[in-house]
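Me: Could you walk me through this protein, taking the overall picture, then its cores, then its surface?

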Amino acid sequence: MKKNKDILIQYIGLIIACMIMAVGLNMFLVPKTIAPGGLSGLSVVISKLTGFPVSNILFTISTPLLLFSVKILGKKDAIKTFIGMAILTLSLKVTEPLSTISLTDNTLLAAISGSILVGLSLGILFRIDASTGGTDLIALMLNRIPSIPVSKCLSMIDGTVVVLAGVVNMNFETGLYSAIALYIMVKIIDTITAGFDYAKAFFIITEKKDVLQEAIIELNRGITILDAKGGYTNEDKNVMLVVVNQKKQEVALKKMVKELDEKSFIIVTDVYEVLGKGFKSIDAV
């Protein structure tokens with residue numbers, strides 16, 4: 001029963017994400033020939049050159065790529081990807097009339113708005129473990145060559161698409177707008193996939209473990225004590241790991257450590273997601 005519910009949620013999320021992406025492309029990016037990387041961006045470039053609809057071009061490019069990558073993806077994931085690709089193509093076809101609606105004449109505003117929508121849709125797709133095909137298929141195939149990692153493949157493809165956008169539009173600024181759109185899109189994807197939860201991790205190296213331990217517990221935070229050794233002094237050290245999920249707690253912890261052990265060494269780092277007691281339940285994943 002739970003499995004069926006998860007599948008239903010996945011496909012609802014897939015449809016919503018594809019519609020958001022289609023609106024972002026057709027309403028903001030296609031009219032200005034802004035191509036923020038990926039096969040969708042390449043389709044925008046080819047559409048500018050040929051006059052064919054982006055939906056037709058994207059489906060035509062993606063289908064052979066998907067067929068070539070079946071062995072890499074596996075039959076199950078290939079079918080799921082094909083369904084995502086078909087839904088995106090249909091969404092692009094349905095929203096094609098939006099490309100004639102000019103909400104803004106400002107190219108920068110169009111680039112920002114379109115990339116936010118496309119980034120949001122891709123973030124949703126990643127969260128529900130869905131796919132609409134795209135440059136990741138090319139990267140997976142090129143990754144068969146040991147000397148070319150996936151990350152470099154994606155960067156090279158996206159960079160090429162961004163440059164092509166400026167070339168086909170005969171406008172250097174279009175390439176710059178496409179680069180801005182790509183950057184915003186990546187940041188939105190990172191935010192969606194990582195989550196919006198605020199959390200900071202403190203690594204506190206101290207010689208006053210007992211005093212700090214008692215004070216931190218009074219702040220209603222848990223502590224993990226790690227055994228370490230100084231690389232310069234070769235002396236045993238205590239490292240206290242504390243995670244806080246409120247700005248107020250972060251400030252209070254810094255102030256407390258400063259008051260109780262001003263010789264301590266503190267490392268504070270961002271934490272994108274914390275699962276377990278006192279934070280988000282691991283069952284929610």
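Here are some questions with short, reasoned replies.

Me: How many helices and strands does the protein have, and how many of its residues count as buried, as a percentage?
Reply: Happy to start there, with the note that this is a predicted model. The protein has 11 helices and 4 strands. Of its 285 residues, the share that counts as buried is 39%.

Me: Which helix gives the largest share of the largest nonpolar core?
Reply: That core has 35 residues, and those touching the most other members are Leu14, Met21, Leu25, Leu92, Val118, Leu122 and Leu125. Several helices each supply at least two residues of this core, including helix 2 (38-50), helix 3 (54-68) and helix 6 (107-127). The largest share, 7 residues, comes from helix 1.

Me: Which residues does Leu14 touch, not counting residues up to four places away in sequence?
Reply: Leu14 is among the members of the largest nonpolar core that touch the most others. Leaving out residues up to four places away in sequence, its contacts are Ile83, Gly84, Ile87, Leu125, Ile128, Ala130 and Thr132.

Me: Why do the buried residues of helix 10 lie on the same side?
Reply: In helix 10 (residues 209-218), the buried residues are Leu212, Ala215 and Ile216. They share one side of helix 10 because the arc they cover around the axis is only 100 degrees.

Me: What do the buried residues of helix 10 pack against, and which exposed residues are on the face turned away?
Reply: The packing partners are strand 1 (200-206), strand 3 (236-244) and helix 11 (247-260). Ala215, one of the buried residues of helix 10, also belongs to a second, separate core of 11 residues that includes Phe202, Ile204 and Met240. On the face turned away from the buried side, the exposed residues are Asp210, Glu214, Ile217 and Glu218.

Me: Which residue with positive phi follows helix 10?
Reply: Good one to check on a backbone plot. The phi in question is near 65 degrees, and the residue is Asn220.

Me: Is Val94 buried or exposed, and what is its relative accessible area?
Reply: Val94 sits in helix 5, and with Ile15, Met19 and Leu90 it forms a nonpolar patch on the surface, about 370 Å² of accessible area together. Helix 1 (2-29) and helix 5 (75-94) each supply at least two residues of that patch. Exposed means over 50% relative accessible area, and Val94 is exposed, at 54%.

Notes. Residues are numbered from 1 along each chain as its sequence is written. This is a predicted model: local features need pLDDT of at least 70, side-chain atom pairs count only at pLDDT 80 or more; totals for chains, interfaces and linings use all residues. Side-chain values use heavy atoms; hydrogens and water are left out. Buried means under 20% relative accessible area, exposed over 50%, partly exposed in between (1.4 Å probe, protein chains only). The arc is that of the directions from the helix axis to the C-beta atoms. Contact means heavy atoms within 4.5 Å. Patches are made of residues with over 30% relative accessible area and no salt bridge: like charges are joined within 9 Å, nonpolar side chains (Val, Leu, Ile, Met, Phe, Trp, Tyr) within 5 Å. Accessible areas come from the Shrake-Rupley method with a 1.4 Å probe; for residues, only the protein chains shown count as cover. A salt bridge is a side-chain nitrogen of Lys or Arg within 4 Å of a carboxyl oxygen of Asp or Glu. A nonpolar core is a set of buried Ala, Val, Leu, Ile, Met, Phe, Trp, Tyr and Cys residues joined through side-chain atoms within 4.5 Å.
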